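This report concerns the packing, the pocket lining and a sheet of a single protein model. The structure is shown first, and the description follows.

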Amino acid sequence: MQVQQNPSIPVSEVYWSLLHKADKKFSKIRELPYYHRNRHEYDAYFYKVFKVYTQLWKFQQENRQKLVEAGLRRSEIGEIASRIAQLYLGQYMRTSEASYLSEAYIFYEAILSREYFKEGMFQDLNLASKQLRFISRFLMVCLLLNRREMVQQLLHQLKALVDDCKRTFQETDFKEWKLVIQEIVRFLKADTAFMNIRPLRYSIVLECHPDSLPPVSTLVVRRSLRLRDAILSSYHHNEVKFSELTLDTFRMLQCLEWEPSGSFYQPNVARNGQNGAPGSGRINYSQDIADPTLPHNPRKAVLYRPSVTHFLAVLATVCEELPSDGVILIYLSASGSGMYVDATSDRLNPSCGQSKGDDSSLHASCLNFGSHGNGGINSIYPSDLVPFTRRPLFLVIDCDSSEAFEAINGVQKGETAAMLLSSSSSYQASDVSSSRQPSGSLFTIFLTAPMQAFCLLLGISGTDIDMDIYNKAEKLLSSSLGDWGSTLAKSDTIDPVWAQVLTDPFLRRLLLRFIFCRAVLSLYAPTFNKKEFIPKCVPCLPASFLPTTAACQTVILQVANIFEASSKFIFSEGLVLPENRQGDTEAVPCS
């Protein structure tokens, strides 16, 4: 990638020509959608842009002194580094490859440590704005990498910089940056250290290694599917978010990735300080070591408040490019509207308002992905997903009208969809007045951080948690979920829709956590025997996994006993705990 330089052309002219070429290509790639129809075309163009910026970066390094003498400023070097970091971050968002995210971090950290934008910043509003945008983007990368110490450092710098800019550029309104600060503060208040005691990503140290997953019964499985693509989106009024990443999609995104350190992972001693808050112990350097043996992450399209047509276009693209052994996960979190019609009777027939000219179609249940009052233009209906059931789908619907999506099965176009459906009502603690938990959707928390969800349900948070007790409960839950997974795999009554995804570690983990969530909410005294608080799965799982069974109740009782909270649940009379399960299991069984 060496730049061929004509000796008769000044170094500065070669540099400015290369910079102009890079800027032109960067502007073009920024206009391209992440998830457009031809991914290979986008990848090819990305590498062209990246090649030019690599040449530019190397050229300015090799000719730094001459370029500085010709007028090159440090802020211009910082701008090149910032754009390379943006390219890496954008490619991560497209491909979900963790290496791109790590490279973005390296470049942003270099900009921070070398203070490229500092010189003359308070004499040039444009330069100050670049520094603000750089910190904001670096914050996003650090959040995605769970570098919370750096997040706090950057937040402190952002606050100080906005205050300094307000004093220096008094004629400029920095209201937009005040809102950015409010967003990140609110985000961190919800996504606390307690919520991140254990990695949300799949750790092969803490959980069953994918090569050790128990085989599924050959009596029911005809194929094994792998999670290849996921589409994640949420839309709620005033939901917790930072930039275009909502709290719920942020958690689900991590839940569908490998913990990058893989076999090198070590628990962060500093994270396990008093009351579950970050302590002042040693830094965990294992987070800097990537395990090259890990499989690729499933690709994810994270859509922030998409139009319905954009969502459907992305889904169509993903379906078209899905490998033959692939399954698509669709996670949708939004408020619902309309009247739910029992899926077992009317499904998606004209009597449910699906025929033309039938006014009842205005009242069909749907997910609202926009402001109310615009008819169906901002609504995702169950019928919208039916054409895509030609490919295997794994639906996670977090909505108060999620049951309406049961209607998809029965009119599918070839593949029966697997569905995890939230309850129509979400239980709220007595001190929470909003319609959603301040820390995000409880259903989504159960799927991404089940032990934290259990604690939140009981009113236990990071301010009063005993870490020894918490770790004991976490080990018991991990062991129990492993046992459930083994039993499911051996079952000859499990529906093939579930059997074919049990060998995928991400989907298997979601399903097992759903079983735990359903059992907890079914046995919790305030929601006991109240259908509106119980999530559902479609198709049904074997009867041996119903909350009424001793197998499920025993696990919930054991976990509740650890927190001395068994009185908050209603168990079957005569339920007896096994003597050899005291919550101190060291290993996570896979079979």
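## Nonpolar cores, pocket and sheet

In this predicted model, phenylalanine 394 is in contact with Val327, Ile328, Leu329, Ile330, Ala418, Leu420, Trp498, Val501, Leu507 and Leu510, its neighbours within four places in sequence being left aside. Phe394 also ranks, with Leu329 and Leu420, among the residues with the most contacts inside the largest nonpolar core, which has 162 residues. Helix α16 (residues 505-523) contributes the largest share of this core, 13 residues. Separate from it is a second core of 32 residues, which includes Val314, Leu395, Ile408 and Ala417. In general, nonpolar side chains of soluble globular proteins tend to be buried together.

The second largest pocket holds about 1200 Å³ of space. Its lining comprises 34 residues, of which Tyr34, Leu89, Met93, Ser243 and Glu244 are the closest to the centre. Elements that each supply at least two lining residues include α1 (11-31), α2 (39-62), α6 (125-144) and β4 (299-304). Helix α4 gives the most, with six residues. The composition of the lining is tabulated below.

| Class of lining residue | Count |
|---|---|
| Nonpolar | 21 residues |
| Polar | six residues |
| Charged | seven residues |

An open sheet of three strands is arranged in the order β6-β7-β8, with antiparallel pairing. Because β6 (336-337) and β8 (379-380) stand at the edges with a single partner strand each, one side of each has no neighbour in the sheet. Two bridges join β7 (residues 366-368) to β8 in the antiparallel sense. Leucine 367 lies opposite isoleucine 380 of β8.

How values were computed: Residues numbered from 1 in each chain as written. Predicted model: local features only at pLDDT ≥ 70, side-chain atom pairs only at ≥ 80, totals over all residues. Heavy atoms only, no water. 1 Å grid on protein atoms, 1.4 Å probe; cavity = no way out; pocket = protein on both sides within 12 Å on 5 of 7 lines; lining within 4 Å. Points joined across faces, edges and corners; volume = space filled by probe spheres on them. Helix = DSSP H or I, 4+ residues; strand = E, 2+ residues; numbered from the N terminus. Nonpolar A, V, L, I, M, F, W, Y, C, P; charged D, E, K, R; others polar. Core = buried A, V, L, I, M, F, W, Y, C linked by side-chain atoms within 4.5 Å. Buried < 20%, exposed > 50% of the residue type's maximum accessible area, 1.4 Å probe, protein only. Contact = heavy atoms within 4.5 Å. Pairing = 2+ DSSP bridges.
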